[in-house]
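Q: Please take a close look at how helices pack in one part of this model, and then at a contact between chains. Which residues are involved, and of what class are they?

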Amino acid sequence: MAEYVALLADVGLKHYLVVSGILFALGIYIVLTRRNAISILLGVELILNSAGLNYVAFSHFSTGQVDGQIYTVFIIMLAASEAAIGLAIVLAIYQLFATIDVEATETLKD
Amino acid sequence: MEIPINVLVFYLVALVVVGSACIVAFSRNIVHSAFSLLGTFGGVAALYVFLGADFVAAVQVLIYVGGILVLILFAVMLTHRISDIQITNRTVGRIPGLAAGAVFLGILVYAIAGTDWAKAKEVAFEPTTAVIGNLFLGDYLLPFQIAAVVLLVALIGAITLSRKEIKE
Amino acid sequence: MTEHVLSYMVFFPLAGMLIVLCLPRDRHDLIRWVSAAATVPPLLLGIGLYVNFDTTTTGMQFVQRAAWIPAFNIEYYVGVDGLSVSMVLLTALLSFLCIFASWNIDKGVKGYFALFLLLDTGMTGVFVALDFVLFYVFWEVMLLPMYFLIGIWGGPRKEYAAIKFFLYTLLGSVLMLVAILALYFYSEPNTFDMTKLMDRSNLYSTEPLGMWPFNVWGWGFQHVVWMALFIGFAIKIPAFPFHTWLPDAHVEAPTAISVILAGILLKMGTYGILRINYPMLPEATADLAFWFLAALGAWNIVYGGLCAMAQTDMKKLVAYSSVSHMGYVMLGMAAFNTQGINGAVLQMFNHGTITAMLFLLVGVIYDRAHHRDIDGFGGLAGIMPVYAGFTALAFFASMGLPGLSGFVSEVLVLLGAWPKYHALTIIAALGIVITAGYMLWMMQRVYLGPPNEKYRDLPEINGREIFTLFPLGVIVVVVGVYPRVVLDLLQASLNNINQMVISHLS
Amino acid sequence: MDHPVQTDFLRWIVLFPLLGAAVNGLLGARIQDRWGERAVALVACAPVSLSFLFSLWAFGRLLALPAKERFLIDAFYTWIPMGSFSVDVAFWVDPLSAIMILVVSGIGGLIHFYSIGYMHGDRSLWRYFAYLNLFTFSMLLLVTGDNLLLMFVGWEGVGLCSWALIGFWYHDHTNTRAGNKAFIVNRIGDFGFVLGIFLLYWTLAGQGHGTLAFREIQEHVGLLADIQLWGIGVATLVTFLLFIGATGKSAQIPLYVWLPDAMQGPTPVSALIHAATMVTAGVYMIARLNELFSAAPATLGLIAVIGAATALFAATIAVTQNDIKRVLAYSTISQLGYMFLAMGVAAYTAGVFHLLTHAFFKACLFLGSGSIIHAMQGEQDMRQMGGLRKAMPATFWTFTIGVLAIAGTPFLAGFFSKDAILWQAWASHNEVLWGVAVFVAGLTAFYMFRQFFMVFFGECRADHHVRDHLHESPKIMTWPLWILAAGSVVVGYIGLPPFMGANLLDGWLDPVIHLPHGEHHSVAEEVGVMSVSIAAAVAGVAIAWFLYYLRTPSRDDSPEAKGVAYRVLYNKYYVDEVYQFVFVGGTLLLARIGAAFDRYIIDTIVDGSAKVTTIVSWFNGLFDKYVVDMLVNAVANVTFAVGNNFRRVQTGNINSYLYVVVGAVVVALIVKLRYWN
């Protein structure tokens, strides 16, 4: 018992990684199950966040350098542009189909 | 046994992050989902602070909370009539999705636990903004510039996409 | 000039493609004529190649080589021997004719012809490449346009067909790539030079591997590589059970693409086996030929024929007949004697011309009636007599009627196979009955009988279509009457390839 | 034999008709449009006549040579040179093939001329003549080819022309079906034939003499003596396989079924192809390879039995048929049976002799029936005929000669040749076969006279519309009849039985046909045997007289009203139905199974494995649909869903894509963690 408590108490790299893993899995779950395009974007945001968290955690615990943080900044930047473009597409689709259910918009493949 | 305060805070924040992420994932209401994202983003920003990444935390708050989240909320509002908010967050195939997510998480945790991660010599807490700034204009100049271009393109692209078609 | 002739043949169509890409997209006729012009030089050079080809030597001719990626010993290395020269000629001819067969494509003309020319480059390249990397590059260059040509210009189920084609051939390519890399890394010094690998045929170990199931089968490294290559090529041939992409792809593909597919692409499978498996992995070839070439070939003949009989779509019938006829090639090459192997390659050539005719003929009727249902016609012979004449020629050639080209190759194959595989030859010879069955049956239902009122006014075959069919018809007759025009090209090289394996036969 | 005389004109015997076929085939439609039927006929008849003249020349050249050295060869070019295997296009004329080229180009020529009258007014006369010329070419190639493979070329070629001519009036599917049947049944025979060629070649090659040339085969037959394959002597096996080919081409049991249906073609075609020439190809082939066959007594025994059985079987069917041409068709099968019986008892000369006489009288009969059909405006049912002797005297008299000849009337051609066969059967101690043959001789006389009486005697039973227009055929049709009738009378005298004079044919064929020396038999025995067959024929004629001359057959005489035996015979022992069900049905069933296997098994596996990449999607589909519906619609659903799910690979459905990605990453991770550390 005490070992586990000690393990829990000694917050280290693995704890952060687990948090980020949970975020990632939830993001995956969202993307797998949602039919709403905006929801899917939310899931993607979660995934990106988890990646960023990983970078920072590694940079802090493993390398001691700031490179990881820089990557995270890039990820955030990417997330921003992705959100902008993605939401713009969603709006465009909404104007076209009056819905944003991704199943309803399958005509894209033709 | 005495538990240090910072450990408690970590767990608190982690709980906030995971909990709000769960709401994002499982809520039937997309507005709730979107708002819960706020908790996640904020929590992650807090975690960044714990990890000594003050600049990144600031960026996270500014861009995510201030930008992306607002954007998403706008999108939600624009694509749904307020009246039918309840029924818009359809979910299909919960069980396989959950299974896939669980399997994935299981493997991740297994990998995380089983790996002997490299350790830095010392764990430092210093202001990083200056260092990052220097790196952006030094080693990472090119990616930085490219990022700028990408953002510009995204900006223009978003405008082009979302503006109404001009009827001919 | 002679040094560069093959490179010209390969890259002329590519140049044509670049020009086509620069043309305005709505100048359809200009695009067509430029494409046609781009396929003429390869054809003329091909004739020159034929005339100047030295039929007495076994080595590579018209060789050109230059360093490409020196770090990995990769070269630009092209050349032909008797095996490839026949295929190069076939490619040049069919590409030229197929441009004309594509004349009535009017959707995305520019893209179509550009892709077609790229395909031409890829195909010619595969047959002349003597460096493995070059070979693989050309192989992929050929697959991609094919995918799009089927997927965009195809029939109603084009996506399904295209995806199926792509998945199948991609699987084949991957296995082939793995095998090529294996051949590279286990050669000493590491080389991609195919001629070098051919010359040192005992390069690869046949020591049984310890891993299950290879230890049970007694397979060594050589056998495993052989198998990987074989599956890659068998998909192209297509050998049972990898053949089901063929009917779908044929049915959906536009006429000219069916012609190319059946006329040339299928040959790449057997070409690859003869070019790579035979000389480089002779022991494995000797060990595995019975099951994977001879037995499978005989099975292909009978199975393909029977399946053809059950089809109601003309193109599917012809497609299955290809499966059947390519079985002869496999059986013949597994005979390991002069008659068999020469018959096999002659059959490759003949099948290329005959099936091309068949597909062109089906295309003619499809253009007019917009369907290919065998039971939906009747009495076309009275309505389109010239067309029916060409059809009869092609059908009878396909049936292996003496005096036409199919006969010579089939007889040589069966004759060659007999001393080694009695039972299989008997099974394969059943194919001549089955082929007659489905061909005549189709002929009866489509061309004979009371004329179908619906199609009484179908226009007779036009000049352009005759132009595409006539050269093939002439070749079919000439090769049937005087097969030496092709056989003389093949013999020296093929006997050489054959010799490499024979010494390893147990 | 060692030094055949080199010539360079034999090729023209063969090539002239090809030329005619090419001109008519490629340009015939225009020629007929512009210059009329006569031009087309000229293009067709001239080359055949030229061939006949050249054949006569070749015959003269042979006569001029010493008896033992009568061999001409014309080596044209090397066709397939392939290592040790080398086949020439070379034409070979020896006494045996000399007879054949004379028959083919001679009788063939007559039939060409006859056709001008018979086919008058047909819009695609050019096509008809192109086929007929092509047939003549193929047949000449078959008989003059100097090796087995070249013979096979002709062999297939005549099959092709037969197919084309049977289905000449292709607007009617009855005709095209009959053509297909002929071709496919022949192909089954060819299947045996090619295998025979391969086995022969490789066995000889194993002895260091790989060859397919006839003269070399004859020379090296001895090499086959002790070689066995699968426990059977190779000679037996080779001859058996070649004989399968012969049963196809020459309509013997079990492959005879195509010949009666082949009567769908124009009647001159039936005369030329399905009576006089093509169907005798099998007999010719055996005579050509007589030394090989003599080395295989087992096969010879089989041939004799098959021949006799076919003769009996076909004759019994012929007894009940009402179609004028079908009677002749079955009679042809029956006569071919005689020839094979002769081959089987190693009496090759007698067989060839019967071939020759049969060519004359059967061509005469067929052309006569063509003349009748022409007059009856296409009617072929003998129950509708009767009393035609007054309306068409020329046809009547020539037909009479033909009937007398085939029935074995003494001192006509058929008598001598048939008797030669019967005698050889008797002399070789095959009393049972002899008995069968004698019985068949009686049957032959019966059914031929039945036909004769039904057609020419009694009252005309046709409706008045036809009756009023009865007329004799034009000259161009009758003079070939007279020539053939004359031939039916005189040809027999070249093969007299020993006690009546010198047998010219025996002497002529001696260099090519090597008969075993028979025992000596007394003249009395010969005469006795001969009189038995005459008696049988007389009995047959008498019965026909009672049944069909004294009793007028009725117009609508239905076989249904007769006894069971009659119906069985009338329906040809139901062999067609059985074949249709067993072989055609069986093949089609196999075909469907194969196609279904492709579609449902292989494609399912393929699509399924594509789908395995979308594991969870499949899971999803499974959960949604199959668990609920389970077994009831399982089969149908699986196929459907497989396709459906496969389609989903590119539906644009992001979720599905993600499943793939997740699955792939999971797998990659597992691999990494499990196997890479």
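A: What follows starts with a pair of helices and then turns to a contact between two chains.

This is a predicted model, in which local features need pLDDT of at least 70 and side-chain atom pairs count only at pLDDT 80 or more, while totals for chains, interfaces and linings use all residues. Residues are numbered from 1 along each chain as its sequence is written, and chains are lettered from A and ligands numbered from 1 in the order in which they are written.

In chain C, the axes of α14 (residues 338–369) and α16 (residues 385–398) come within 9 Å and cross at roughly 145°. Helices here are DSSP runs of H or I, at least four residues, numbered from the N terminus; axes are lines fitted to C-alpha atoms over the stretch in contact, with angles from 0 to 180 degrees between N-to-C directions. The crossing of α14(C) and α16(C) is left-handed, that is, the near helix is turned anticlockwise from the far one by less than a right angle.

From α14(C), the contact takes I354(C), M357(C), L358(C), L361(C) and V364(C); α16(C) supplies Y387(C), F390(C), T391(C), A394(C), A397(C) and S398(C). Contact requires C-beta atoms, placed from the backbone, within 7 Å. Nine of these residues are nonpolar, two polar and none charged (Ala, Val, Leu, Ile, Met, Phe, Trp, Tyr, Cys and Pro are nonpolar; Asp, Glu, Lys and Arg charged; the others, Gly among them, polar).

Between chains, 78 residues of chain B meet 62 residues of chain A. On the chain B side, α3(B) gives the most, 14 residues. That side divides into 57 nonpolar, 15 polar and six charged residues.

Methods. Contact = placed C-beta atoms within 7 Å. Helix = DSSP H or I, 4+ residues; strand = E, 2+ residues; numbered from the N terminus.
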